[in-house]
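Subject: Structure handover and notes

Dear colleague,

I am passing on the structure we spoke about, together with some notes on what was found in it. Please read them with the coordinates open beside you.

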Amino acid sequence: MSDPQSTPRFGADLITFYDPAFWQVASDRELAATAAERPEWFWTRLLDSAVEAGLSTLELTFPPGDWRTALAAFGSADGFRKELDVRGLSVLSGFFVDISSQPSLESTDWAALTEQALEYAEFLASMGCSTMVAGLPMRTTRDAVPPLFVDLGYATRLGGHLNEIAAATLRGSGVRLALHTEAHSVFWTPRDIDLFMMATDPLYVAFCPDTGHIRMSGSEPAGVAERHRERIVIAHWKDASGTAPFDIPIDEHLHHDHQTYFRRVGAGAVDWAAWAALMARTGLRDDVLLEVDAVPDPVAELTAARTFIQHDLLPLLHGSTS
């Protein structure tokens with residue numbers, strides 16, 4: 001049992017390190033190409049930077065900070081684990097992007113998608129990790145023809161597929177699927193979150209609230225997540241400057257548009273006192289997974305976030321208001 005007064009283990013989603021300026025390259029495309037050609041260069045600097053930022057855990061994500069690029073860098077799961085071990089790092093979770101990239105429920109090969117999830121879950125389990133975080137499909141722009149209506153029927157159909165994938169990874173590798181809140185996706189607003197929590201089976205499908213994305217919907221993350229706190233198995237700690245417009249174009253530029261709103265923990269509009277108190281009630285005080293989407297100096301941003309939490313939030317994480 002952990003010391004109730006101890007400092008949590010800090011981790012980060014690896015998208016935090018994706019700014020091309022950090023790698024001294026000109027673009028996302030160049031970063032992806034260089035990492036594919038020189039995976040050991042990419043992963044060695046990434047892991048060393050994580051240590052410099054005071055991290056203990058990582059969330060793997062889409063390329064180049066993904067599991068396949070890690071295998072290419074170090075030859076095998078054992079080789080990757082050794083690189084983590086010598087630095088005092090471990091894998092806390094892995095982001096499964098494939099569900100969110102599906103264009104429609106009807107055209108998706110759900111059997112193939114489940115196989116991809118099973119393969120990823122097996123790798124995560126080999127890292128001692130039991131959580132796979134998944135984003136859901138993006139909405140279409142509000143004036144799209146035909147429009148995408150995220151109604152009970154849509155949630156029921158997608159929820160059924162999520163149940164099947166979650167049951168498969170849990171049965172196959174003991175890895176739990178947790179749904180991640182993403183701005184302008186079908187799982188963003190408080191109503192969306194309630195809808196998909198209702199449409200999925202709590203015995204299989206868990207919840208990963210992302211504070212920054214929820215705050216961008218105009219809602220307070222602690223109040224939204226409280227309603228489903230028994231299903232929270234992991235959370236992304238990220239700040240946001242305020243509410244994002246609902247009617248912006250949902251296209252290939254969207255994720256870069258999101259970055260203009262994101263801030264490191266303590267530098268935006270999230271009520272962190274309320275959030276820390278919620279994390280204390282859920283029992284998730286031991287692991288804090290930080291995220292700032294693609295910043296030029298991730299070590300400085302992560303260090304500042306850790307400092308804020310250690311100086312301002314530890315009593316609340318320990319369940320004390322004194």
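What kind of unit do strand 5, helix 8 and strand 6 make? Before the answer, please keep in mind that this is a predicted model. Taken together, strand 5, helix 8 (residues 190-199) and strand 6 form a β-α-β unit that is right-handed. Strand 5 (residues 176-180) and strand 6 run parallel and are joined by four bridges, and within strand 6 it is Ala206 that stands opposite Ala178.

These two strands belong to an open sheet of eight strands, whose order is 6-5-4-3-2-1-10-7 and whose pairing is parallel. The edges are taken by strand 6 and strand 7 (236-237), each of which has a single partner strand, so that one side of each is left without a neighbour in the sheet. Strand 6 (residues 205-208) is nevertheless covered on both faces, with Val205 and Phe207 buried on one side and Ala206 and Cys208 buried on the other. Elsewhere in the sheet, strand 1 (residues 9-13) runs parallel to strand 2 and is joined to it by three bridges, with Ala12 standing opposite Leu58 in strand 2.

Turning to the packing, the largest nonpolar core holds 88 residues, of which Trp43, Leu60, Phe80, Trp237 and Ile309 touch the most other members. Helix 6 (residues 110-126) supplies the largest share of this core, namely seven residues. Another core, of eight residues, lies apart from it and includes Leu92, Val133, Ala206 and Ile234. As for Ile309, if its neighbours within four places in sequence are left aside, its contacts are Phe10, Trp237, Val265, Val288, Leu290, Leu314 and Leu317.

Helix 4 (residues 67-74) has Trp67, Thr69, Ala70, Ala73 and Phe74 as its buried residues. Viewed down the axis of helix 4, these buried residues fall within an arc of 160°, and they therefore line one face of the helix. An α-helix has 3.6 residues a turn, so residues that are three or four places apart point the same way. The elements against which the buried residues of helix 4 pack are helix 2 (28-37), helix 3 (39-52), strand 2 (57-60), helix 5 (77-86) and helix 6.

The cysteines deserve a separate word, since you may wish to assign their bonding: a search of the whole structure finds zero disulfides. Cys129 is in no disulfide, and the nearest cysteine sulfur to its own, that of Cys208, is 12 Å away. Why does Cys208 not bond to Cys129? The sulfur of Cys129 is the closest cysteine sulfur to that of Cys208, but at 12 Å it is too far for a bond. Cys129 is buried, with a relative accessible area of 4%, and Cys208 is likewise buried, with a relative accessible area of 0%.

Finally, there is a loop position to look at. Ala294 lies in the loop between strand 10 (287-290) and helix 13 (298-312), and because its relative accessibility is 13%, under the 20% cut-off, Ala294 counts as buried. Not counting residues up to four places away in sequence, Ala294 touches Ile15, Thr16, Tyr18, Asp19 and Gln259. Ala294 and Phe308 are 14 residues apart along the chain, and their C-alpha atoms are separated by 20 Å.

With best regards

Conventions: Residues numbered from 1 in each chain as written. Predicted model: local features only at pLDDT ≥ 70, side-chain atom pairs only at ≥ 80, totals over all residues. Heavy atoms only, no water. Buried < 20%, exposed > 50% of the residue type's maximum accessible area, 1.4 Å probe, protein only. Pairing = 2+ DSSP bridges. Right-handed = clockwise from strand over helix to strand, strands pointing away. Core = buried A, V, L, I, M, F, W, Y, C linked by side-chain atoms within 4.5 Å. Contact = heavy atoms within 4.5 Å. Disulfide = S-S within 2.5 Å. Arc of directions from axis to C-beta.
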